[in-house]
Amino acid sequence: MEDFLHSIQILNYTVAAVALPLLAALINFCLPVKSKVAGWVSTIAILLSCILSAKVFAGVWNNHQVHAQHIWFTVGKTEVFAGVLLNNLSVLMLLLVSVISLPVHIYSTAYMKHDDRYSRYFTYLSFFCFSMLALVVVDSLVLFYAFWELVGFSSYLLIGFWFTRDKAVQANKKAFIINRIGDVGLLTAIIILFAQYHTFDITQLFAEKGLIAQSVINNGLWVAPTGQLPAIWQYIACGGIFLAVAAKSAQFPLHTWLPDAMEGPTSVSALIHAATMVAAGVFLLGRVYPMFTENELTVLACIGCFTAFMAATIALTQNDLKRILAYSTISQLGFMILAMGVGAYASSLFHLATHAFFKCLLFLVAGIVIHQMQHIKEDNGLNIDPQDISYMGGLRKKLPLTFIAAIVGGLALVGLPLTSGYLSKDGILIQAFEWSENRSGWLKIIPITALLTSWLTAFYVARLIVKVFFGELRLLKNNPGIKLHISDGGWQYKLPLILLAVCCLFPLFSLHPLLYEQAWIFNGLKPSNFLVRENIYHTIIPAGVNILSLFVLYAAYAIYVKPNGFSFAQSGFLYRLSYNQWYIDGLYKRAIVKPVLRLGSACFWFDRRVIDGLLHLLTRISSYIAKAAAFTDRYIVDGFLNLMVVIVQSIGNFARKFQSGKVQYYLFSMLVIVLILFILKILI
């Protein structure tokens, strides 16, 4: 009985934690568009959600899962249930989303205070948080898909929040369209799973001893306790899941929307990149992980590894501050997908949690830097891009707290010791090398490429921090008399930075700063049959990665700060390949966008010239026929009838002359007729 009451209390807390942001969105929707009350309504709501999520987390983590459901609707004999599923994965995500959202809300109250659509921004932000919180706790694939779509829709609203800017409009359309590709894949997978297993229940499908665990592929058939289908349907279902993951978590080849999504407010970028939208893809993989076969996981590992490497190489040459961080996010998400592919399930989700804090921190840092550069631009009437790091430098003196936060976040992103990033990323690298031991030769490239990507990460992070905070402000070279009235900002800027910076350090995740196996998240998510393997990789990988990373960091400092230092040629095939983002966007425009636009233009021409032309021709022919019918009716039919009328009328008028009523006229007429007859008689 006590366990039952405890479960009811946990469920109530969960529903309240999810519903509070929705309530805040509804309240803000009713407020005046410039009302500053909206910011605190949303912030208080997410604070309460955070507290309730912590209570739920404390009650469920490493305990029995809590699952409650009710019949939602019935179609024929099929009953579709709706409910809440709370296990280690879902309560971790519930807490993570609310904890990351809280500093973003506080930060936004200051960052957006001069915006003309202040309350509308917080309406969208709260609705976005509600969608994501609901996504991680629902127990049905139908509800999961519904909230998956709501996450995409609310991100569309936030990315295009500044809809008066053409780039923002193009960016949110691009994000929406690419994510529709993934949504079609997810819907296809859900339909196939239902056809095979006759249920949408996530627990029944993906539990440790669930229906999928009892299924096998044998002799070209996908055999399950509930029936069998051709094996091709299992491959299609997994392909659909991958499309959904690739679209939401920006993996190759559907990654191109994420850098463009930087057109939204920087606070939105922080939330999307940290623990909400892009994390949804990795969370989906965590939910459906048992359905992937070993070969399918190998494909995931290859795609994740390639995406991580590709995005890291692109980040090396970009000058847009937010775009560098966007490609960094794509690269880190690639590490998470790689980890899933090599069987490092717990490490993948562990890295998802640690990445949320340091990436959110770096985006909030970027927001402050961009905000201050915008002040410099407006105060001095300069024509510069406030996001271009080529104009920055030396800002550590003017923005000391922002600089410290950037250093902490950057070191965590690189994965140096004493940071959370060290624990999660090194766990992925070690397990990737262990996975490759018994694989064919070409698969050994995967962990080596991941290792190289880690060093590339160290370089582009160092380049970003050095060019923004070290040296001298490069604007002063061409504008020596400019005024600099900039600072870290008020407490609404500083408090989120401090909170997130503390969370980027190791004590939050493990009391041992060097062993990822002792991290509580890793231990809470690792499978029951996990075996700790002690080998040379556990020593050589962390040592090699971090020693060389330190050299890379110093090299970046020497290149971009020291006078007369080495500099890279801004030319050559490799530079152009990186700077132009591997030409993938251009390829899509030439191979897909332009042909589609041409097809659209051709269809428009066909519609306008052929279909509309045919309709217009039929209209003219009908008009001519109608005119001819009108002419015939008026001048022939009506003319004949009018002629008969005239004839009859004339005869009547003529005959009427003989009906005068006077006897003498009648006698005269008779006399005339007699005379005529007499004359005719004589003549004949």
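User: I'm new here. What counts as a helix, and how many residues does one need?

Analyst: This is a predicted model, and its helices are DSSP runs, numbered from the N terminus. Such a run is in state H or I, and to count as a helix it needs at least four residues.

User: Got it. So where does Pro253 sit?

Analyst: Pro253 isn't in a helix itself; its place is a loop. Helix 8 covers 232–248 and helix 9 covers 257–260. That puts Pro253 in the loop between helix 8 and helix 9.

User: Is the peptide bond from Phe252 to Pro253 cis or trans?

Analyst: Most peptide bonds are trans, so this is worth a check. For the bond that runs from Phe252 to Pro253, omega is near 10 degrees. That bond is cis.

User: Zooming out, how many helices and strands does the protein chain have?

Analyst: Helices and strands are both counted as DSSP runs, and a strand needs at least two residues. On that count, the protein chain comes out at 24 helices and five strands.

User: Is the protein chain a compact globule, or more spread out?

Analyst: For 684 residues, the globule rule gives a radius of gyration of 26 Å. The protein chain has 38 Å, which is well over that. Its C-alpha atoms fill a box of roughly 155 × 75 × 55 Å along the principal axes. So, next to a compact globule, the chain is more spread out.

User: What share of the residues counts as buried?

Analyst: A residue is buried when its relative accessible area is under 20%. The chain has 684 residues, and the buried share of them is 52%.

User: And how much of the accessible surface belongs to carbon and sulfur atoms?

Analyst: The accessible surface of the protein chain is about 31,800 Å² in total. The part that belongs to carbon and sulfur atoms is 68%.

User: How far apart do the centres of the positive and negative side chains lie?

Analyst: There are 48 positive side chains and 32 negative ones in the protein chain. Take the centre of each set, and the distance between the two is 13 Å.

User: How many disulfides does the structure hold?

Analyst: A disulfide is a covalent bond between the sulfur atoms of two cysteines. Here, a pair of cysteine sulfur atoms has to be within 2.5 Å to count. For Cys305, the nearest cysteine sulfur is that of Cys302, 7.6 Å away. The total for the structure is zero.

User: Which cysteine has the sulfur closest to that of Cys503?

Analyst: Cys503 is buried, because its relative accessible area is 17%. The closest cysteine sulfur is 7.1 Å away, which is too far for a bond. That sulfur is in Cys504.

User: Is Cys30 buried or exposed?

Analyst: Cys30 lies in helix 1, which takes in residues 2–30. Exposed means a relative accessible area over 50%. Since its relative accessibility is 65%, Cys30 counts as exposed.

User: How far is the C-alpha atom of Cys30 from that of Ser119?

Analyst: Along the chain, Cys30 and Ser119 are 89 residues apart. In space, their C-alpha atoms are separated by 9.1 Å.

User: What sign does phi of Asn62 have?

Analyst: Most residues other than glycine have a negative phi, so that's the usual expectation. Asn62 lies in the loop between helix 2 (37–60) and strand 1 (66–75). It isn't a glycine, yet its phi is about 60 degrees, which is positive.

User: Is Gln581 buried or exposed?

Analyst: Gln581 is found in the loop between helix 22 (573–579) and helix 23 (584–656). Phi of Gln581 is positive too, near 60 degrees. With a relative accessible area of 16%, which is under the 20% cut-off, Gln581 is buried.

User: Which residues is Ser510 in contact with, leaving aside neighbours within four places in sequence?

Analyst: Ser510 is found in the loop between helix 19 (491–503) and helix 20. With a relative accessible area of 2%, Ser510 is buried. Setting aside neighbours within four places in sequence, its contacts are Leu423, Leu515, Gln518 and Ala519.

User: And which residues is Asn523 in contact with, on that basis?

Analyst: Asn523 sits in helix 20, residues 520–525. Its relative accessibility is 32%, so Asn523 counts as partly exposed. Beyond neighbours within four places in sequence, Asn523 is in contact with Glu517 and Gln518.

Technical notes. Residues numbered from 1 in each chain as written. Predicted model: local features only at pLDDT ≥ 70, side-chain atom pairs only at ≥ 80, totals over all residues. Heavy atoms only, no water. Rg over C-alpha atoms; globule rule 2.2 N^0.38 Å. Buried < 20%, exposed > 50% of the residue type's maximum accessible area, 1.4 Å probe, protein only. Areas by Shrake-Rupley, 256 points an atom, 1.4 Å probe, with all protein chains shown as cover. Lys, Arg positive; Asp, Glu negative; His and termini not counted. Charge placed at Lys NZ, Arg CZ, Asp CG, Glu CD. Contact = heavy atoms within 4.5 Å.
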